[in-house]
Amino acid sequence: METLLASLTKEVIVSPERPTVLIGERLNPTGKKKLANALMAGDFEYLKQEAISQVEEGADVLDVNVGIPGLDEIELMVKAVEAIMKVVDVPLCFDSQSPQTIEAALSVYKGKALINSVNAEEKSLDAMLPLVKKHGAAVVALPMDEKGIPNAPGGRLALAHKIVGRADSLGIGREDIIFDALAMSVGADGKAGRATLETIHLIKAELGTNQTLGVSNVSFGVPDRDLVNSAFLAMAIAAGVNCPVVDVGKIRNMVFATDLALGLDEYARRYVRAFRDRQKSGA
C-alpha cells in the first residue's frame, strides 16, 4: 500500500514497508501568537521561516492551516501556499474544513497534495471526496460523523468502512486514503489512548490503508506533554501509523529509533545519519 505525495520536484511515498514519513505541524496559527499576528498583518516571512526550519529538522511533508477568525481563509491559504512553494520543495498538506479553501489551494499547487480532511458526515463526503478525485489528491480520513467520535474502536472502524465505500464509488483508490484514528486526551479519559491504538490495529487489519495521527491531542491537559507524546507515538507506529503529524524537531529522533527497532531503517542509515548530525551540531 503506497501513497504518493509530490511537489513540483520531490516525491514522498508513504508505505508500511518504508521509514515513517514526518508531517510537520507548525504551520498552524492555533495557539501560535507570533504566526497568527504575522498572518493577520499580511506578512508571510515568518511562515516561510517556519517552513524552512521544519524541513531542515527532517519534515517530509508540511501541513498548512491558516484558519484565523475574521480573515479571508481562501485568500490567505492561496498566498501561504505560493509563499511556501518558493522556499521549500516538500509536498504540502492542506488543512481546512472549508471545501472552497481546499479547492483554491489545490488550484495553485504544483504537485500531488494531501487534503486534511474528510469525515463520515454526508456533507463532508459530498464536498471533499469530489475534490480528491478532480485534483488527483490524497486525503486524510477521520472516523467520525454527525454524532461525533465513537468511543468504541468498532464504531470508528464502521465509519472508516463507510468512507472507503464512498471513495470507492467515485473511483478513489485506498492508496489515496490515509486514516487518522483520532487521538483523544488521556487526561480526560484514561482509556482513550488504548481505544485509538485498537482502532489503528483494526484499520490496518481490515482496510490496509496508510495511517496518520495528530499525536499531540493525546497529552492535552497533562504535564510533560512531550514525554507522553513520544511514548504514545512509538506505540502508534508499531500499531500501524506511518505518517504522523508532529512537531518534527521534538519528536524525530524518537521516530528514527522506533523505525530502527521495527526494522524499517535498513542498515540503520537514517538513525546513524541523524546521530552524526547531532554530533556535528553539538546537540
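**Exercise 1. Is asparagine 65 buried or exposed, and what relative accessibility puts it there?**

Before you start, remember that this is a predicted model.

*Step 1: find the residue.* Asparagine 65 sits in the loop that runs between strand S4 (61-64) and H3.

*Step 2: apply the cut-off.* Buried means under 20% relative accessible area. Asparagine 65 has 14% relative accessibility, so it counts as buried.

*Step 3: see what its side chain meets.* A polar atom of the asparagine 65 side chain lies 2.9 Å from the backbone nitrogen of glycine 67. The backbone oxygen of aspartate 95 is 3.5 Å from a polar atom of that side chain.

*Step 4: look further along the chain.* Set aside the neighbours within four places in sequence, and asparagine 65 is in contact with Leu27, Asn28, Pro29 and Asp95. Aspartate 95 therefore turns up both in this contact list and in the backbone oxygen distance from Step 3.

**Exercise 2. Describe how helices H2 and H3 pack.**

*Step 1: pick the quantities.* Two packed helices are described by the angle between their axes and the distance between the axes.

*Step 2: read them off.* For H2 (residues 45-57) and H3 (residues 73-87), the axes come within 9 Å and cross at roughly 45 degrees.

*Step 3: name the arrangement.* Angles under 35 degrees count as roughly parallel, and 65 to 115 as roughly perpendicular. H2 and H3 are therefore oblique to each other, and their crossing is right-handed.

*Step 4: list the contact residues.* H2 brings Leu47, Lys48, Ala51 and Ile52, while H3 brings Ala80, Ala83, Ile84 and Val87. Sort the residues of this contact and you get seven nonpolar, one charged and no polar.

**Exercise 3. Take leucine 182 and tyrosine 267: what is phi in each, and is each one buried or exposed?**

*Step 1: leucine 182.* Its phi is near 70 degrees, a positive value in a residue other than glycine. Leucine 182 lies in the loop between strand S8 (177-180) and helix H7 (192-206). With 10% relative accessibility, leucine 182 counts as buried.

*Step 2: tyrosine 267.* Here phi is near 60 degrees, again positive in a residue other than glycine. Tyrosine 267 belongs to the loop between helix H9 (248-261) and helix H10 (269-281). Its relative accessible area is 65%, so tyrosine 267 is exposed.

**Exercise 4. Which peptide bond is cis at serine 117?**

*Step 1: check omega.* The bond from asparagine 116 to serine 117 is cis, with omega near 25 degrees.

*Step 2: place it.* Serine 117 is in strand S6 (residues 114-119).

Terms used:
Residues numbered from 1 in each chain as written. Predicted model: local features only at pLDDT ≥ 70, side-chain atom pairs only at ≥ 80, totals over all residues. Heavy atoms only, no water. Axes fitted to C-alpha atoms, helices over the stretch in contact; angles between N-to-C directions. Helix = DSSP H or I, 4+ residues; strand = E, 2+ residues; numbered from the N terminus. Parallel < 35°, antiparallel > 145°, perpendicular 65-115°, else oblique. Left-handed = near helix turned anticlockwise from the far one by under 90°. Contact = heavy atoms within 4.5 Å. Nonpolar A, V, L, I, M, F, W, Y, C, P; charged D, E, K, R; others polar. Buried < 20%, exposed > 50% of the residue type's maximum accessible area, 1.4 Å probe, protein only. Polar contact = N/O pair within 3.5 Å; in protein donor to acceptor, adjacent residues only side chain to side chain.
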